[in-house]
Amino acid sequence: MLSLGLSVSVLAVTCALWPAAVRAASCEPVRIPLCRSMPWNMTKMPNHLHHSTQDNAVLAIEQFEGLLGTGCSPDLLFFLCAMYAPICTIDFQHEPIKPCKGVCERAKSGCEPVMKRYNHSWPDSLACSELPLYDRGVCISPEAIVKAEGPDPYYQDPPRCNPESSPDFLNLHCRGPNGVDRCRCKAVKMGLKTYLRNNYNYVIRARVREVRNRGLEPTAVVDVKEVFKSSLVNIPKETVTLYYSSSCLCPPLTPGEEYLIMGYEHDETSRLLLIDSSIAQKWKDKMRRKVKKWDSTQRRG
């Protein structure tokens, strides 16, 4: 774990002093605006919520801006940044460091009562039970860092979105410069190269029942018709829930339509995920043969 007495200034510059090859292979500068005030300036993707790039993590963490604006917990921003832009150090290049369980519990105890007033609960994807204890594992916590002189580095700059602007602050959707909607789903071309490169955990044919985009965990409810691949989760041919990684709902799904869906599984929660590199293509019968051929190629490789 981070040693007591480690200063913010040392932590912030340590990564910058590594050889260029090491930095390129493991860490990247933090570019998420909400997290630039954290006592670290280097992060590693994918993060603890399976966002493969910081651009996608930005869209997801912005769902919490309204909640941050309530000031429900001084630990909330630190905890969120430790999850969405985890600290990357030379000693832990292979696995991003998680926030400590105590940080999560303090943020949850302060903010969940506020969320419940709006009929929301603490999201399962941020479950405190999945995080290490301070004295039993490697984790990051504000109390483990001796701050340099000056204002508290991670309790500055209130969120840009005003929770008073909407009666449901948890469903705020912030916009970029000039009011332009920041949601832009990138097109993922379906083909053998994409299939092999992205190494999807699950591939299913499903009809969409509904898409829910309220609160902190947008979801799609689908009826599974066929299961072509399932790596970690036993997917039944019945109604299941897919969990989006951000409120932008990428890839987009239309209720009533049938799709070929390729995505990932969260091995700890057994959830089926839809993230930035997932695929959702309107179903055509010829896809069945293609997918089986691609999967056979992948297994042979």
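Here is a walk through this predicted model, starting with a helix, moving on to the disulfides and ending at a strand.

Let's begin at helix α5, which spans residues 76–84. Is this helix mostly covered or mostly open? It's mostly covered, with 9 of its 9 residues buried. Go along it and you'll meet Leu 76, Leu 77, Phe 78 and Phe 79, among other buried residues. As for what does the covering, the list includes α3 (54–61), α4 (65–69), β4 (98–99), α6 (101–116) and β5 (139–140).

That sets up the next stop, the largest nonpolar core, which has 40 residues. Trp 40, Leu 76, Phe 79, Leu 80 and Trp 122 have the most contacts inside it. At least two residues of this core come from each of α3, α4, α5, α6 and β5, and α5 gives the largest share, 9 residues. Pick out Leu 76 as an example: leaving aside residues up to four places away in sequence, Leu 76 touches Leu 67, Leu 68, Ala 107, Cys 111 and Trp 122. As a general point, nonpolar side chains in soluble globular proteins tend to be buried together.

Now for the cysteines. A search of the whole structure turns up 5 disulfides. One of them ties back to our helix: Cys 35 and Cys 81 are bonded, with their sulfur atoms 2.1 Å apart. Cys 81 sits in helix α5 itself, while Cys 35 is in the loop between β2 and β3 (42–43), 46 residues apart. Both cysteines are buried. The torsion about their S-S bond is about -95°, so this disulfide is left-handed.

Another one joins Cys 27 to Cys 88, with 2.0 Å between the sulfur atoms. Cys 27 is in the loop between α2 (20–26) and β2 (28–29), and Cys 88 is in the loop between α5 and β4, so the pair ties together parts 61 residues apart in sequence. Then there's Cys 100 with Cys 139, also a disulfide, S to S 2.0 Å. Here the torsion is about 85°, so the link is right-handed.

Further along the chain, look at strand β10, residues 258–266. It's mostly covered too: 9 of its 9 residues are buried. Which strands does β10 pair with? Strand β7 (residues 202–212) runs antiparallel to β10 over 6 bridges, with Arg 207 opposite Glu 258. Strand β12 (residues 279–282) is an antiparallel partner over 4 bridges, and there Met 262 stands opposite Ile 279. Strand β11 (residues 271–274) is antiparallel as well, joined by 3 bridges, and Tyr 264 has Leu 273 as its bridge partner.

Methods:
Residues numbered from 1 in each chain as written. Predicted model: local features only at pLDDT ≥ 70, side-chain atom pairs only at ≥ 80, totals over all residues. Heavy atoms only, no water. Buried < 20%, exposed > 50% of the residue type's maximum accessible area, 1.4 Å probe, protein only. Contact = heavy atoms within 4.5 Å. Pairing = 2+ DSSP bridges. Core = buried A, V, L, I, M, F, W, Y, C linked by side-chain atoms within 4.5 Å. Disulfide = S-S within 2.5 Å.
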